[in-house]
Amino acid sequence: MTDDPLRPALDDLLDDLYDGQERLTQGEIHRRAIAADLPAELLTRITAMPEGEYANDEAADLLGATPT
């Protein structure tokens, strides 16, 4: 398996988003990713997440981030 070049940006985003938060909606994750000016490929992954609330590990699993 090759390393995902977007993983560091995604890991940083999720670390920032979930600081003090247990669960976030797909919409909130998407809005914050746009505000952080993340690459289009990463925004596409987030857009593809089913609507709902996610814990950090759930979001990381769906998006291909490093589990925390």
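**Exercise 1. Arg45 and its partners**

Work out whether Arg45 is buried, partly exposed or exposed, and which residues share a salt-bridge network with Arg45.

*Solution.*
- Start with the surface. Arg45 has a relative accessible area of 22%. The cut-off for buried is under 20% and for exposed over 50%, so Arg45 counts as partly exposed. Keep in mind that this is a predicted model.
- Next, look for a partner. Arg45 pairs with Glu41 in a salt bridge, with the closest N and O atoms 3.4 Å apart.
- Now check the spacing. Glu41 and Arg45 sit four residues apart in helix α3 (residues 40-48), so about one helical turn separates them. An α-helix has 3.6 residues a turn, so residues three or four places apart point the same way.
- Finally, widen the view. Asp4 joins in too: Asp4, Glu41 and Arg45 are linked in a network of salt bridges.

**Exercise 2. The two sides of α3**

Which residues of α3 are buried, and which are exposed on the other side?

*Solution.*
- List the buried ones: Leu42, Leu43 and Ile46.
- Look down the axis of α3. These buried residues fall within an arc of 100°, so they line one face of the helix.
- Turn to the other side. Ala40, Glu41, Thr44 and Ala48 are exposed there. Glu41, then, is an exposed residue that also takes part in the salt bridge with Arg45.
- Ask what does the covering. The cover over the buried residues of α3 includes α1, α2 and α4.

**Exercise 3. The same job for α2**

Find the buried residues of α2, say what covers them, and name the exposed residues on the face turned away.

*Solution.*
- The buried residues of α2 are Gln26, Ile29 and Ala33. Their arc around the axis is only 65°, so they lie on the same side of α2.
- Their cover includes α1 (7-17), β1, α3, β2 (53-55) and α4.
- On the face turned away from the buried side you find Arg31 and Ala35, both exposed.
- Arg31 isn't without a partner: its side chain meets that of Glu28 in a salt bridge (3.2 Å, N to O). Both residues lie in helix α2 (residues 26-35), three residues apart, or about one turn of the helix. Glu28 is partly exposed, at 24% relative accessible area.
- One last stop: just past the end of α2, Asp37 has a positive phi of about 60°.

**Exercise 4. A long-range pair**

Which two elements does the salt bridge between Glu58 and Arg23 link, and how many residues apart are the partners?

*Solution.*
- Get the distance first. The closest N and O atoms of Glu58 and Arg23 are 3.3 Å apart, inside the 4 Å limit for a salt bridge.
- Then place the partners. Glu58 is in helix α4 (residues 56-63) and Arg23 in strand β1 (residues 23-25), 35 residues apart, so here the pair links distant parts of the chain.
- Check their exposure. Glu58 is partly exposed at 34% relative accessible area, and Arg23 is partly exposed at 38%.
- For the tally, the structure holds six salt bridges.

**Exercise 5. Into the core**

How many residues does the largest nonpolar core have, and which element gives the largest share?

*Solution.*
- The largest nonpolar core has 19 residues. Those with the most contacts inside it are Leu14, Leu17, Tyr18, Ile29, Ile46, Met49 and Ala59.
- Sort by element: α1, α2, α3 and α4 each give two or more residues. The largest share, four residues, comes from α1.
- Take Ile29 as a close-up. Leaving out residues up to four places away in sequence, Ile29 touches Leu17, Tyr18, Leu24, Ile46, Met49 and Ala59.

**Exercise 6. Zooming out**

What pattern does the chain follow, and how does its radius of gyration sit against the globule rule?

*Solution.*
- Count elements: four helices and two strands. Along the sequence they read α-β-α-α-β-α.
- The radius of gyration is 11 Å, close to the 11 Å the globule rule gives for 68 residues, so the chain is as compact as a globular protein of that length.
- Add the burial figure: 35% of the 68 residues are buried.
- Now the contacts. Of those between residues at least 6 apart in sequence, 60% join residues at least 24 apart.
- Finish with the surface. The accessible surface comes to about 4,400 Å², and 49% of that belongs to carbon and sulfur atoms.

Methods:
Residues numbered from 1 in each chain as written. Predicted model: local features only at pLDDT ≥ 70, side-chain atom pairs only at ≥ 80, totals over all residues. Heavy atoms only, no water. Buried < 20%, exposed > 50% of the residue type's maximum accessible area, 1.4 Å probe, protein only. Arc of directions from axis to C-beta. Contact = heavy atoms within 4.5 Å. Core = buried A, V, L, I, M, F, W, Y, C linked by side-chain atoms within 4.5 Å. Rg over C-alpha atoms; globule rule 2.2 N^0.38 Å. Areas by Shrake-Rupley, 256 points an atom, 1.4 Å probe, with all protein chains shown as cover.
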